[in-house]
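The exercises below are meant to be worked with the sequence and the coordinates side by side. Each one sets a task and then follows it with a stepwise solution.

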Amino acid sequence: MDLAREHELSTSSANPQAQIRLLDLAAFDADLDRLAHRRRTLPEIAAADVIAGRVAGLNDLIVAAETELSDLTRAQSKAEADVEQVRLRSAKDRELLDSGRVGSAKELANLTHEVESLGRRQGDLEELELEAMERAEEADRHRATLAAERSGLVVELETVVAARDAGLAEIAAAAHATQNQRDQLAAELPADLLAIYTKSREQHGGVGAARLHRGRCEGCQLELTRADIERIRSAAADEVLRCEECRRILVRTEESGL
Ligand SMILES: [Zn+2]
């Protein structure tokens, strides 16, 4: 905006009642800003993110536990098959021994030796099988613990998400109602006054107009000088004034202390 336009705006005039209603507009805008801030900082948003992160972490751990369980189950099956193979071989040898069909002493000794050897081998393999079974059971317990932890977190997450969504819906409803009132009021205000207000709001962190209350600008809280007060006293009622300090539209009311 060029200087000429700035000058034109700074010496604008508007009906004093319209200026006072600008304070209502500023109050609606402050409410909307507060609602937007609440929407951004709703504790349930961060809480839901934290829980969702923990659920994702557990998902990874569960996948790893399931893979380990699957490997151990396979190892257990393999051990079972090994034991079974040796057991069958041993049974066959015993059957042969018991049949009396083996005549040669050397053959008999060899067979007896093999049965003994198979017996030891079966014992070793059964130990491995037991070990594999125990490890698989342990892995399954670990997986179940993680899954139970995740189930608990999922329930917790659902509760927090429901609270978050309810909070957001409540804020949205309040913002919608306030926005409607604000728009209705804005539509009734003079366009040029509204334009100054909007520009001032953009420049001053969301506050476009402030009340002059007992000689103090309520926008920047600065006490006006005697000279400022004198100037304001002599200004026309419909002149749109600005705080010299913060440049917000300064609205006069009966309690301005003039
Ligand atoms: Zn000020």
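**Exercise 1. Strand pairing**

How many bridges join S1 to S2, and do these strands run parallel or antiparallel?

Solution. Bear in mind throughout that this is a predicted model.
- Step 1: S1 and S2 are joined by 2 bridges, and the two strands run antiparallel.
- Step 2: Within this pairing, histidine 213 stands opposite arginine 216 in S2.
- Step 3: The two strands form a hairpin with 2 residues between them, and arginine 214, which sits in the turn, has a positive phi of about 50°.
- Step 4: On turning to S4, one finds 4 bridges to S1, this time in a parallel arrangement, with leucine 212 standing opposite arginine 252 in S4.
- Step 5: Strand S1, which covers residues 209–213, is mostly covered, since 4 of its 5 residues count as buried.

**Exercise 2. The metal site**

Determine which atoms coordinate the zinc ion, and describe the geometry and the sequence spacing of these donors.

Solution.
- Step 1: The donors are the SG atoms of Cys217, Cys220, Cys243 and Cys246, at 2.3 Å from the zinc ion.
- Step 2: The angles among the 4 donor atoms are 106 to 116°, and the site is therefore tetrahedral, given that four donors count as such if all angles lie between 85 and 135 degrees.
- Step 3: Along the chain, the donors of the zinc ion follow the spacing C-x2-C-x22-C-x2-C.
- Step 4: Because cysteine 217 lies in strand S2 (residues 216–217), whereas cysteine 243 lies in the loop between strand S3 (241–242) and strand S4 (249–252), this pair ties together parts that are 26 residues apart in sequence.
- Step 5: Both cysteine 217 and cysteine 243 are buried.

**Exercise 3. Nonpolar cores**

Identify the largest nonpolar core and the elements that supply its residues.

Solution.
- Step 1: The largest nonpolar core has 18 residues, and those with the most contacts inside it are Leu22, Leu25, Leu189, Tyr197 and Ile249.
- Step 2: At least two residues of this core come from each of helix H2 (16–41), helix H4 (105–188), helix H5 (191–203) and S4, and H2 gives the most, with 6 residues.
- Step 3: Leucine 22, when residues up to four places away in sequence are not counted, touches Leu189, Leu193, Tyr197, Ala209 and Ile249.
- Step 4: Apart from this core lies another, of 11 residues, which includes Ala210, Ala235, Leu241 and Leu250.

**Exercise 4. A polar residue in a helix**

Is glutamine 19 buried or exposed, and what is it in contact with?

Solution.
- Step 1: Glutamine 19 lies in helix H2.
- Step 2: The relative accessible area of glutamine 19 is 1%, so this residue is buried, the cut-off being under 20%.
- Step 3: With neighbours within four places in sequence left aside, the contacts of glutamine 19 include Ala14, Leu193, Val240, Leu250 and Arg252.

**Exercise 5. The chain as a whole**

Compare the radius of gyration of the protein chain with that of a compact globule of 258 residues.

Solution.
- Step 1: The protein chain has 6 helices and 4 strands, which run α-α-α-α-α-β-β-α-β-β from the N terminus on.
- Step 2: A compact globule of 258 residues would have a radius of gyration near 18 Å, but the protein chain has 43 Å.
- Step 3: Along its principal axes, the C-alpha trace spans about 140 × 30 × 30 Å.
- Step 4: Buried residues make up 33% of the 258 residues in the protein chain.

How values were computed:
Residues are numbered from 1 along each chain as its sequence is written. This is a predicted model: local features need pLDDT of at least 70, side-chain atom pairs count only at pLDDT 80 or more; totals for chains, interfaces and linings use all residues. Side-chain values use heavy atoms; hydrogens and water are left out. Donors are N, O and S atoms within 2.8 Å of the metal (3.2 Å for Na, K and Ca); water is not among the atoms, so sites may look incomplete. Four donors count as tetrahedral if all angles lie between 85 and 135 degrees; four count as square planar and six as octahedral if opposite donors are over 155 degrees apart and all others between 65 and 115; anything else is irregular. Buried means under 20% relative accessible area, exposed over 50%, partly exposed in between (1.4 Å probe, protein chains only). Two strands pair if DSSP finds at least two bridges between them. A nonpolar core is a set of buried Ala, Val, Leu, Ile, Met, Phe, Trp, Tyr and Cys residues joined through side-chain atoms within 4.5 Å. Contact means heavy atoms within 4.5 Å. The radius of gyration is taken over C-alpha atoms; the globule rule is 2.2 Å times the number of residues to the power 0.38.
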